[in-house]
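Subject: A structure for you to look at

Hello,

Here is the structure I promised to pass on. Have a look at it first, and then read my notes below with the picture open beside you.

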Amino acid sequence: MPLYETVFIARNDVSQQQVEAVADGIAALLETDGGAVRKREYWGLRSLAYRIKKNRKGHYMLLGLDAKPETIKEIERQLSLNEDVMRVLTLRVEEIDEAPSVILSRKGDDRERGFRGPKPAGRFESGRGGRRGYDDREEFRARNEREDSRDIDGEAE
């Protein structure tokens with residue numbers, strides 16, 4: 001039988017147990033038609049790239065399926081009728097990798113991030129247009145320099 005990977009996104013207001021129940025329903029449907037679920041991963045509640053049906057987050061579930069094409073069509077139909085499921089994507093694959101998917105392996109990965117140095121100062125303290133007093137503006141500096149030069153020459157007194 002052909003192999004498929006199905007990912008579905010459930011609404012964020014359902015619980016993880018309800019998402020697992022949807023996956024159990026798919027497994028039961030497969031077993032009645034002679035198929036099997038070879039891989040099952042719950043990816044958790046994740047942020048969506050854009051809103052789907054007014055939701056910003058969703059529960060992701062990956063299923064590796066060994067089934068007939070007719071059964072896959074029925075599974076997609078059942079998932080599209082389920083009010084808790086927002087999106088479904090099914091792909092035909094050559095083999096189902098038994099190792100954890102990239103999503104799960106990255107989730108547990110505590111990558112070592114190199115030290116990038118001290119945090120730079122805020123925009124106004126970075127040296128470009130840093131904090132200046134009222135008298136530091138260019139017109140006042142020029143006026144003060146003129147007055148200072150008059151004091152040296154003795155013209156002002």
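Let's start at one residue: aspartate 66, which sits in strand E3. Please keep in mind throughout that this is a predicted model.

Is aspartate 66 buried or exposed? Its relative accessible area is 13%, and buried means under 20%, so aspartate 66 counts as buried. What does its side chain meet there? A polar contact of 3.2 Å links it to the side chain of arginine 38. If you set aside the neighbours within four places in sequence, aspartate 66 is in contact with Met1, Pro2, Leu3, Leu30, Gly35, Ala36 and Arg38. Try clicking through these one at a time.

Now for the sheet. Four strands make up an open sheet, and their order is E2-E3-E1-E4, with antiparallel pairing. Strand E2 (36-52) and strand E4 (85-93) are at the edges; each has a single partner strand, so one side of each has no neighbour in the sheet. On average, neighbouring strands are turned by 20° against each other, direction ignored.

Two of the pairings are good ones to trace by eye:

- Strand E1 (residues 3-11) pairs with E4 in the antiparallel sense over eight bridges. For one example, alanine 10 has valine 85 in E4 as its bridge partner.
- E2 and E3 also pair in the antiparallel sense, over eleven bridges. Here you can find glycine 44 opposite tyrosine 60 in E3.

The turn from E2 to E3 deserves a closer look. This hairpin has two residues between the strands. Lysine 53 lies in the loop between E2 and E3, and so does lysine 54. Phi of lysine 53 is near 50°, which is a positive value in a residue other than glycine. Lysine 54 likewise has a positive phi, near 65°. How accessible are these two lysines? With a relative accessible area of 60%, lysine 53 is exposed, and lysine 54 is exposed too, with 78%. The cut-off to remember is that exposed means over 50%.

Next comes helix H1 (residues 16-32). Its 17 residues reach 25 Å from the first C-alpha to the last, close to the 24 Å expected at 1.5 Å a residue. Which residues of H1 are buried? They are Val19, Val22, Ala23, Ile26, Ala27 and Leu30. Why do these buried residues end up on the same side of H1? They cover an arc of only 140° around the axis, and that puts them on one side together. There is a general pattern to help you here: an α-helix has 3.6 residues a turn, so residues three or four places apart point the same way.

So what covers that buried side? The elements covering the buried residues of H1 include E1, E2, strand E3 (55-66), helix H2 (69-81) and E4. On the face of H1 turned away from the buried side you will find the exposed residues Gln17, Glu31 and Thr32. Just after H1, glycine 34 takes a positive phi of about 90°.

If you would like a route through the model, begin with the contact between aspartate 66 and arginine 38, follow the sheet in the order E2-E3-E1-E4, and finish on the buried residues of H1.

Enjoy exploring, and write back with any questions!

Best wishes

Conventions. Residues are numbered from 1 along each chain as its sequence is written. This is a predicted model: local features need pLDDT of at least 70, side-chain atom pairs count only at pLDDT 80 or more; totals for chains, interfaces and linings use all residues. Side-chain values use heavy atoms; hydrogens and water are left out. Two strands pair if DSSP finds at least two bridges between them. Axes are lines fitted to C-alpha atoms, for helices over the stretch in contact, and angles run from 0 to 180 degrees between N-to-C directions. The expected span of a helix is 1.5 Å times one less than its number of residues. Buried means under 20% relative accessible area, exposed over 50%, partly exposed in between (1.4 Å probe, protein chains only). The arc is that of the directions from the helix axis to the C-beta atoms. Contact means heavy atoms within 4.5 Å. A polar contact is a pair of N or O atoms within 3.5 Å; within protein, one must be able to donate a hydrogen and the other to accept it, and residues adjacent in sequence count only if both atoms are side-chain atoms.
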